[in-house]
Amino acid sequence: TSSVWSWWGANKGPESRVPAGVCVSLVPPKMQFLSWLAWRGRIKTSLFLQRIGVLPPNAETQRVFCHSVVESLEHALLLCPQVWKCWAAMASGGDQKLVIPGTVEGLLHWWSRGIAKSWSDRAWQAVPALVLWSVWKTRNECLFKGETPDFAGLCDWMKLQIALWVIWSFKGDFSVHDIVSNLHQIRLLV
């Protein structure tokens with residue numbers, strides 16, 4: 001993947017810097033790819049699919065979770081009040097206060113500020129890919145399988161996933177429970 005990023009930087013220039021959260025070694029490639037698509041604005045929402053004829057003209061294009069606005073990339077992955085609660089819950093695990101950015105790209109750049117020096121920094125930079133993937137997967141399960149979203153359960157699952165990645169990758173002295181429950185305190189010790 002480093003050759004792809006080198007090619008991207010050489011052809012697109014420094015003004016299109018890829019956010020660090022798009023390519024984090026903790027994150028599986030499919031999540032990295034979805035993050036890259038989201039960063040580039042290339043995820044196909046219901047409105048786009050209707051416009052190109054994949055969905056019929058009378059298909060529902062309202063947002064799957066809140067049914068209040070037509071589904072856009074930013075609303076589906078960021079601005080929906082239910083989805084925003086997931087972002088806020090994950091930011092609070094890093095002891096951060098998060099202000100809603102206007103775009104997915106803005107969120108990815110904010111989240112990836114700084115250099116990942118420790119395992120906790122790398123875990124922090126893996127969060128956006130995990131949230132984007134989890135929200136998009138939940139959206140698709142609701143849309144195509146008629147499932148009801150459980151955002152509290154989704155937030156717990158994402159915290160558990162980060163903890164498992166950390167333990168698997170860094171073999172630290174902390175338990176899964178320590179990382180899920182006390183990540184902000186652990187980050188102060190590291």
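Here is a quick tour of this protein chain, from its overall layout down to a few residues. What you're looking at is a predicted model. The chain has nine helices and zero strands, and 42% of its 190 residues count as buried. A good place to start looking is Trp111, one of the residues that touch the most other members of the largest nonpolar core.

**Overall layout**
- Reading from the N terminus, you meet one α element after another: α-α-α-α-α-α-α-α-α.
- Among contacts with a separation of 6 or more, 56% are between residues 24 or more positions apart.
- The accessible surface adds up to about 10,200 Å², and carbon and sulfur atoms hold 58% of that.

**The largest nonpolar core**
- This core has 48 residues, and the ones touching the most other members are Leu77, Trp87, Trp111 and Ile162.
- Six elements are worth finding here, since each is listed as giving two or more residues to the core: α2 (29-40), α4 (73-79), α5 (81-93), α6, α7 (119-145) and α8 (151-170).
- Helix α7 makes the largest contribution, with 11 residues.
- As general background, nonpolar side chains in soluble globular proteins tend to be buried together.

**Helix α6 and its buried side**
- Helix α6 spans residues 104-111, and its buried residues include Val104, Leu107, Leu108 and Trp111.
- Those four sit on the same side of α6, because they cover an arc of only 100 degrees around the axis.

**Around Trp111 and Ala91**
- Which residues does Trp111 contact, leaving aside its neighbours within four places in sequence? They are Trp87, Met90, Ala91, Leu98, Trp124, Gln125, Val127 and Pro128.
- Ala91, one of those partners, belongs to helix α5.
- Is Ala91 buried or exposed? It's buried, as its relative accessible area is 1%.
- Ala91 and Trp124 are 33 residues apart in sequence, yet their C-alpha atoms are 8.6 Å apart in space.

**Cysteines**
- How many disulfides does the structure hold? The count is zero.
- Cys66 is in no disulfide, and the nearest cysteine sulfur, which belongs to Cys80, is 3.9 Å away. A disulfide would need the two sulfur atoms within 2.5 Å, so this pair doesn't count as one.
- Cys66 is partly exposed, with a relative accessible area of 25%.
- Cys142, on the other hand, counts as buried at 12% relative accessibility, because the cut-off for buried is under 20%.

Methods:
Residues numbered from 1 in each chain as written. Predicted model: local features only at pLDDT ≥ 70, side-chain atom pairs only at ≥ 80, totals over all residues. Heavy atoms only, no water. Buried < 20%, exposed > 50% of the residue type's maximum accessible area, 1.4 Å probe, protein only. Contact = heavy atoms within 4.5 Å. Areas by Shrake-Rupley, 256 points an atom, 1.4 Å probe, with all protein chains shown as cover. Arc of directions from axis to C-beta. Core = buried A, V, L, I, M, F, W, Y, C linked by side-chain atoms within 4.5 Å.
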